[in-house]
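Trainee: I have the model open and a few short questions. Can we take them one by one?
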Amino acid sequence: MEKKNAKPAKLKIRKGDLVKVIAGDSKGSQGKIVEIIIDKNRAVVEGANMVSKHTKPNAANPNGGIVKQEAAIHISNLALVEPSTGKTTRVGRKLNDAGKLVRVSKKSGEEIK
């Protein structure tokens, strides 16, 4: 049972990050995060977790039919890909020289942009 007025957890990944799917049917595929659904702890990843959606005919698509599109994946099944090495890493948070809280790679200690 979900708590009411529960504050969502602080997510370690953001829109635009390059991630790798580490579990599920799309395991091993990489892509950029297109959208994050904070209240459900899910993310839509470009080219991963493709599903077939049946669409009715409309003005944009007069014939209707079956469209392949990305579905949301739980963020626990995603790992951030470090831009410098291309390997997956966990994410930490640290104060930088300017006193701002930034994301850092646990493997290399580098700041993640």
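Trainee: Over residues 12-39, what percentage of the chain is strand?

Mentor: This is a predicted model, where local features need pLDDT of at least 70, side-chain atom pairs count only at pLDDT 80 or more, and totals for chains, interfaces and linings use all residues. Residues are numbered from 1 along each chain as its sequence is written, and side-chain values use heavy atoms, with hydrogens and water left out. UniProt, in an unreviewed entry, places "domain: KOW" at residues 12-39. Helices (H or I, at least four residues) and strands (E, at least two) are DSSP runs, numbered from the N terminus; over residues 12-39 the end C-alpha atoms are 14 Å apart, helix is 0% and strand is 43%.

Trainee: Is Arg90 buried or exposed?

Mentor: Arg90 sits in the loop between β8 (88-89) and β9 (91-95). Buried means under 20% relative accessible area, exposed over 50%, and partly exposed in between (1.4 Å probe, protein chains only). Arg90 has 64% relative accessibility, so it counts as exposed.

Trainee: Which loop holds Asn41?

Mentor: Asn41 is not a glycine, yet its phi is positive, near 55°. Its relative accessibility is 22%, so Asn41 counts as partly exposed. Its loop is the one between β2 (30-37) and β3 (42-45).

Trainee: Why does Asn49 count as partly exposed?

Mentor: Asn49 lies in the loop between β3 and β4 (50-55). Its phi is positive, about 55°, although Asn49 is not a glycine. Asn49 is partly exposed because its relative accessible area is 24%.

Terms used: UniProt positions renumbered as here; feature names shortened; annotations may be inferred.
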